[in-house]
Structure formats: structure tokens, C-alpha cells
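Trainee: Before I plan anything at the bench, I would like to go through this structure with you step by step. Could we begin with how the strands are arranged and then turn to the charged side chains?

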Amino acid sequence: MPTYEGILSAIRCDSPRSDQDSPHHPAGSPELDVVSLRWDGEQVWRDEMEQGQTRQIDVIRPLPLSATIDVVVRPNEDGSVEDIIGTVELDETLVGTGIPGTDWHVQRFVDAGADYELTFKVRMAVAPVDPPPEAS
């Protein structure tokens, strides 16, 4: 039975949820969001992002059946709350063909004033190689 891995490669911020017009936004500071990725509820990545930034994620995990990836955004402001702006379901149906352009998927999430893109893929896991027997 084949086994699979899910790979979260990169996230891009096209528009942060943070709002400079908010009374809680520090004057003169960029609009920053605190962005988290949750893999089946467990936080696997977190960073601050502003408009136009792309962050390399490089999270690789076994994918026994499927996994739910939540993109969670919170303005970097006092009193702000987190919002799940989108969800991706990873499973074996997303395995590419090996032809460039078919392996990677890009999902865009536009919600709660935020606009982000997540790049990910699912691949067959490479089976571990047993070491050769020791010579006696």
C-alpha cells in the first residue's frame, strides 16, 4: 500500500487583514498579520507577514489518509482575534503526475479582509531503505 507525504511549501500575502486605520494600529508601522498554519489542529508554522511578502514554509509530514490545513490570520494589533480564512484538505487525490506544473497546487484565501495564497503538494513517500546485513 503506498504511503504519502503532504508538503506545505510557501505562503504569500497579497493583502494583510491588519488595517492602518484601526485605532489599535501603532502609528507609522506597516500593516502586519500574524499568520499560522495548523495541520489537523496542530500549529506547524507561524510568522508575521505584510503585503507582498512570500515566506518559504518547507513543512513535510506523513499523510496516512488525509489532513486538514487551516490558514489562520490575526492582525498584529492589541486586542485582535484570529480568523481561519481558509482550509485545504490534503489527500492522495492531489498527487501530481510528475509533469512540471501538475505537482504543486496554489490555493487562494480571501476572507476577513485578508488575501493569501498557499502553495502545497502531496507526493508518494519514499520508502526507507533497509541497511545491508552486517558481514560476519
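Trainee: In what order do the strands of the open sheet of 4 strands stand, and which are the edge strands?

Mentor: This is a predicted model, and in it the open sheet of 4 strands is built with antiparallel pairing, in the order 4-1-8-7. From one strand to the next the twist averages 20°. An edge strand pairs on one side only, and that is the case for strand 4 (54–63) and strand 7 (105–111).

Trainee: What elements does the chain contain as a whole?

Mentor: Read from the N terminus on, the elements run β-β-β-β-β-β-β-β. The chain has 136 residues, of which buried residues make up 38%, and of the contacts between residues at least 6 apart in sequence, 63% join residues at least 24 apart. The count of elements is 0 helices and 8 strands.

Trainee: How many bridges join strand 1 to strand 8?

Mentor: Strand 1 covers residues 4–15 and strand 8 covers residues 114–124, and the two run antiparallel. Within this pairing A10 stands opposite T119, while L8 has F120 as its bridge partner. The number of bridges that join strand 1 to strand 8 is 10.

Trainee: Which residue in the turn of the hairpin formed by strand 7 and strand 8 has a positive phi?

Mentor: Strand 7 and strand 8 pair in the antiparallel sense over 7 bridges, and one of the pairs sets F109 against its bridge partner Y116 in strand 8. The hairpin leaves 2 residues between the strands, and the residue in its turn with a positive phi, of about 55°, is A112.

Trainee: Why is strand 8 described as largely enclosed by the rest of the structure?

Mentor: Strand 8 is joined to strand 1 by 10 bridges and to strand 7 by 7 bridges. The description itself rests on burial, because a residue counts as buried when its relative accessible area is under 20%. Strand 8 is largely enclosed because the buried residues number 8 of its 11.

Trainee: Which residue forms a salt bridge with E5?

Mentor: By the rule used here the count comes to 7 salt bridges, and in the one made by E5 the closest N and O atoms are 2.7 Å apart, with R123 on the other side. E5 lies in strand 1 and R123 in strand 8, so the pair ties together parts that are 118 residues apart in sequence. E5 counts as buried at 19% relative accessibility, whereas its partner is partly exposed, with a relative accessible area of 32%. The residue asked for is R123.

Trainee: How far apart in sequence are E82 and R38, whose side chains meet in a salt bridge?

Mentor: The salt bridge between E82 and R38 has an N to O distance of 2.6 Å. E82 is partly exposed, with a relative accessible area of 39%, and R38 is likewise partly exposed, at 21%. The pair links distant parts of the chain, since E82 sits in the loop between strand 5 and strand 6 (83–91) and R38 in strand 2 (residues 33–39), and the separation is 44 residues.

Trainee: Which residue in strand 4 forms a salt bridge with E42?

Mentor: E42 counts as partly exposed at 42% relative accessibility, and R61 counts as partly exposed at 23%. E42 belongs to strand 3 (residues 42–49) and R61 to strand 4, 19 residues apart, and the pair links distant parts of the chain. The closest N and O atoms of this salt bridge are 3.0 Å apart, and the partner of E42 is R61.

Trainee: D70 is buried yet has no salt bridge, and I wonder which side chain it joins through a polar contact of 2.9 Å.

Mentor: D70 is found in strand 5 (residues 66–75). The nearest side chain of opposite charge is that of R38, at 5.5 Å, and a salt bridge needs a nitrogen and a carboxyl oxygen within 4 Å. Leaving aside neighbours within four places in sequence, D70 is in contact with S36, L37, R38, I84, G86 and T87. The side chain that D70 joins through the polar contact of 2.9 Å is that of T87.

Definitions and conventions: Residues numbered from 1 in each chain as written. Predicted model: local features only at pLDDT ≥ 70, side-chain atom pairs only at ≥ 80, totals over all residues. Heavy atoms only, no water. Pairing = 2+ DSSP bridges. Axes fitted to C-alpha atoms, helices over the stretch in contact; angles between N-to-C directions. Buried < 20%, exposed > 50% of the residue type's maximum accessible area, 1.4 Å probe, protein only. Lys, Arg positive; Asp, Glu negative; His and termini not counted. Polar contact = N/O pair within 3.5 Å; in protein donor to acceptor, adjacent residues only side chain to side chain. Contact = heavy atoms within 4.5 Å.
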